[in-house]
Each structure stands twice: as C-alpha cells, then as structure tokens.
Amino acid sequence: MFHAEPLPVFLVASPRPYDPAALTLRPTEALRIMPSAINRSAAFEQLALPLFASLYNHAHWLTRNPSEAEDLVQETFTRALRAFDSFKPETNFKAWIFRILRNSFLTTRSGIAASRTVFLEDQPDTLDTTASGPTPEDILLRLDNQAALQTALEQLQSPLREALLLCDVEEIKYKDIALILDVPIGTVMSRISRARRALRQLLQPHLGKSL
Amino acid sequence: MNQTPPTNPAIEHLDPNHLGPGQLNAFIDGELSSAEQHGIEQHLTICHACALRVLSATKLKAAIARAGQRFTPSPEALARLTAQLHAQSQSQQQPEPQKTARIYSIRPASTRPAAWAAIAAAILLAVSLLTWRQLHQTNTLATELLDQHLATLSTAATPQVISTDRHTVKPWFQGRLPFSFNLPDAAALPPDTTLKGADLTYLNGQPAALLLFTIHKHEVSVFLTQRSTSPTLTALPNTRAGFTLHTATTPDLRIIAVSDVNPSDLNNLVASLVQAQKPN
C-alpha cells in the first residue's frame, strides 16, 4: 500500500473542556486528507484499521454472537468505504463509522428483531441514584466483581446499554452519541443516567456473593 | 451547610449547590464547560456527600469501561477483516474496467495485477492460517507471528512505507501507534542487514509496528508492541516450522523477530534494536 504522494497528516486533538462555541469543531480525531482519489482508500484504511477492535467489541454487544459480529464489521467497512466521500474531514471519524455500524445492524435479522421491542424513552429521571440504592461504599466494594458487572450489563435494556457503552467504553461525547443513535442529546443524557442507575440496582443482589 | 447524608432523596432541593444526577453524569463524563467544572470542583472540596457520590460514580464508570471491553476478535477474524479491507480498498482505488461482482468497479485498470495480488495475498494468508492452525493448535501467538511473516514474503506484499532510512520509517508511525520506539542507524545494524520498510499491523488485537529487514537476502519480520498492553509470552517457541522466533524486551517494548536466517544473525539484529531503545 505504498504511494508516492505525501502521506496524510493526522492531527490528534487533546481532550479539553467543553466549549459551546467549538461544538461542531471539537473532533477527537481531526485530520487533513490530501483530496486525491488515490489517497482516499489509504486514508480510509489509516482511520479504520485502528478501530477494528472497538467496532468488533461493539458489534458483539449488539449482535450477541461472534460470527454475526464479524459479518457486521465487514458490512460496516464495505458501506463506509463506499460512502467515504461523504465523510467530512473536520468531523469525528469514529462517530461516523459507529453510526454506519449501527445502521448496518438495524438491517440485520437480529437488528430488525431488536427494533421491534418497544422502549419507553421518557421515564422521569428525578430520583437520586443513591436515594434508595446501596451506599457508594457498597458499590466500590462490588465493582471488583467483574463477572457480576458483565451480567448486569447483559441485563440492561439494549438502548440503555448501547448509550452507556458508547460513553464509557468508546469515550464518545454526548453530541456524537446523539448522531450515532439518531436521537436528541437530551435522550442520550437520560439513557446514560438511567443505565447507570439500573446497573447500580442490578449490582445490589450480588453484594453477598462478592464480599 | 453540607451535612445532608447522601441517602436523602431530596438532597438537591435542600441546597442548590449539590449535584443533581444529570450534572453528576456530565461532570464525570467531561461534558461541562471549564467554568462549570471549576464550580463543581469548588463545591466538592467542601461537600463530603457530593464528593462521595462523584467518587462512586467515577469508579462505576471505570468498571463499566473495563467490563464493556469484553469481546476481542480472534486472530483469524482479524486476518479476514484486514484482508477484506485491503482487497476492497485496492479494488476501489483503481478497479478493473469490466463489470465484476463488485458494484464499485468503474475506474481504469492500471493496477489489475495489484488487485489480484491482494486476493492472492489474502488467500495465502488464509491458507497459511488454516494450515498452521491445524498443525499447531497450541500457540496462537507464534502462529499469528509466523502467518504475518509469511504474508510479508508474498511478492504482492508491498510495505506501507518503503525506506531504508530510519528517519523516514520512524516518523511514519506517528499518530498510527500509541507508543514510539527508536531505530538504530544503518551503521549500528549488524553487517549485511538492511531496513526495507515497515507496516502497521495487529498482534492479538493490539497495534504493532512491523519492521521489515533483510539479512544476507533472508527476509526478517520484527514486531514491536507495547509491553503494558500485550499479553505475556509464556511459551513462545524458539523455532517454528524451520523459522526462528527471537524475543527480547525493553522497559517499554516487546520485540519479536521472525526469520529463516540463522539464529545468531537474528539475535544480533534484535540486540541492536534493544540497544537503540536505551537512552544515550
């Protein structure tokens, strides 16, 4: 994959505090690509290859099956490469390709089945997570129990788990999660909040076992 | 003023300074402006209840990040995906003139051999993977290393960066790898040893630098990975199907060389790489 042209230059922005004015120009990976068709595929590979593991992990969480996850990542690459011209270099590539992953998933059999499940979005989020749940100290102790945490993650409703994984595992910003899931940013915040509250409640019965 | 216990559901209503659930989440997710962030930090220094909640929420977030990173692709899946991506991007780059099954074959055909070569490389990779996997079930990492080395031997496998100059090869990895390394200059390499180029690759799902050398016309693949992320190599054999595997570590890096050259020459090359990592 060697080309005589200059290699694309990638500018990796360091994390910085939220600035409303920079909302649309705060990519996690901003890049400048030489606007040449020959460099296009190379640029795509440079951006996509490092995301293999993340895309596969997320695909596995969505499909709950290793071979379906692999098919889904393959399909994502095919679609993303075809649509790479529509990718705006000043935006977040990771969010862009995760959105394609999710849209591809929605066209699969398990995706269609999942979309049939009705998810009640607007449950009031007024209760304090610590109000009726365990104290913070209890949570600290139980978090060492990896198996319990994974079981709890599996038990979460998929829309809650999806938002939480994008936030905590993939470290994607709320506004980009909103783009990926195609929901308003307020919905993202409420799903993340609900997911964390539900996880705390799910971890509660494991208290005795893990101590 | 902040003596309300954390278990009080009406905590926010008693003191407007206390963190609401939304604010708490935005704070630990780094979604607040620096002014808001600073305001909360100030509050946390005087409010034990909120500080405990932030601590608990941060721990939960970190634990979710660990538990959520659960599924890693198998080496075979990784190889299949990489090969597919290469093949697709090559055929999209400059595809064949006639209509094929691929819907994006619409551009001129100057690199038809390259496309075939990519397919051949993919087949070689797949066949070698299958063969080696059947013969040696025990050590997947050794298999992966050898497969990647065999793939570089294919005439179709052009390194992503071709250069004998360390000042070209090393900077090429900037922004591509989450770590850095030093390369010895040509004079510091053992006799008749030449740097050919380099590739970005993956070992066990971790990014790795693949350096390609020749020693007396024998091809050598040298893999550099980060020690903190790569798994421990407990039982990596010294030889595999006639190829020599040589491993060395520095405080930060794990270096694994694969070649059919004689073991002492391979050791010399690895030693020169280890030496290059030492601060002057």
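**A helix of chain A and a sheet of chain B in a predicted model**

The buried residues of helix 4 of chain A make a good starting point: they are A:Phe93, A:Lys94, A:Ala95, A:Trp96, A:Ile97, A:Phe98, A:Ile100, A:Leu101, A:Arg102, A:Ser104 and A:Phe105. Helix 4 is thus mostly covered, with 11 of its 14 residues buried. The helix spans residues 93-106 of chain A and reaches 20 Å from its first C-alpha to its last, close to the 20 Å expected at 1.5 Å a residue. The structure described here is a predicted model, with an ipTM of 0.75 and a pTM of 0.53.

One residue of this helix, A:Ile97, turns up again in the largest nonpolar core. That core holds 102 residues, and the members touching the most others are A:Ile97, A:Ala163, B:Leu211 and B:Val222. For A:Ala163, the contacts outside its neighbours within four places in sequence are A:Ile177, A:Leu181, A:Val188, A:Arg191, A:Ile192 and A:Ala195.

Turning to chain B, an open sheet of 7 strands is arranged in the order 1-2-3-4-7-6-5, with antiparallel pairing. Its edges are formed by strand 1 (161-162) and strand 5 (239-240), each of which pairs on one side only. Strand 4 (residues 218-226) and strand 7 (residues 253-259) run antiparallel and are joined by 7 bridges; here B:Phe223 stands opposite B:Ile256 of strand 7. B:Val222, named above among the core residues with the most member contacts, falls within the residue range of strand 4.

On its other side, strand 7 of chain B is linked to strand 6 by 6 bridges, again antiparallel. B:Leu245 has B:Val258 of strand 7 as its bridge partner, and a hairpin connects strands 6 and 7 of chain B through 3 residues. Strand 6 (residues 243-249) also runs antiparallel to strand 5 of chain B, with 2 bridges between them. B:Arg240 is partnered there with B:Phe243 in strand 6. The hairpin of strands 5 and 6 of chain B has 2 residues between the strands, and B:Ala241 adopts a positive phi near 50 degrees in this hairpin.

A word on confidence is in order for chain B. Its mean pLDDT is 77, and 75% of its residues reach 70 or more. Two stretches call for care. Over residues 1-14 of chain B, pLDDT stays under 50, and the model has 27 contacts beyond four places in sequence for them. Residues 95-111 of chain B likewise stay under 50, with 21 such contacts. Where pLDDT is low, predicted coordinates should not be read in detail.

Conventions
Residues numbered from 1 in each chain as written. Chains lettered and ligands numbered in written order. Predicted model: local features only at pLDDT ≥ 70, side-chain atom pairs only at ≥ 80, totals over all residues. Core = buried A, V, L, I, M, F, W, Y, C linked by C-beta atoms within 7 Å. Buried ≥ 20, exposed ≤ 12 C-beta atoms within 10 Å, placed from the backbone. Contact = placed C-beta atoms within 7 Å. Helix = DSSP H or I, 4+ residues; strand = E, 2+ residues; numbered from the N terminus. Expected span 1.5 Å × (residues − 1). pLDDT = per-residue confidence, 0-100. Pairing = 2+ DSSP bridges.
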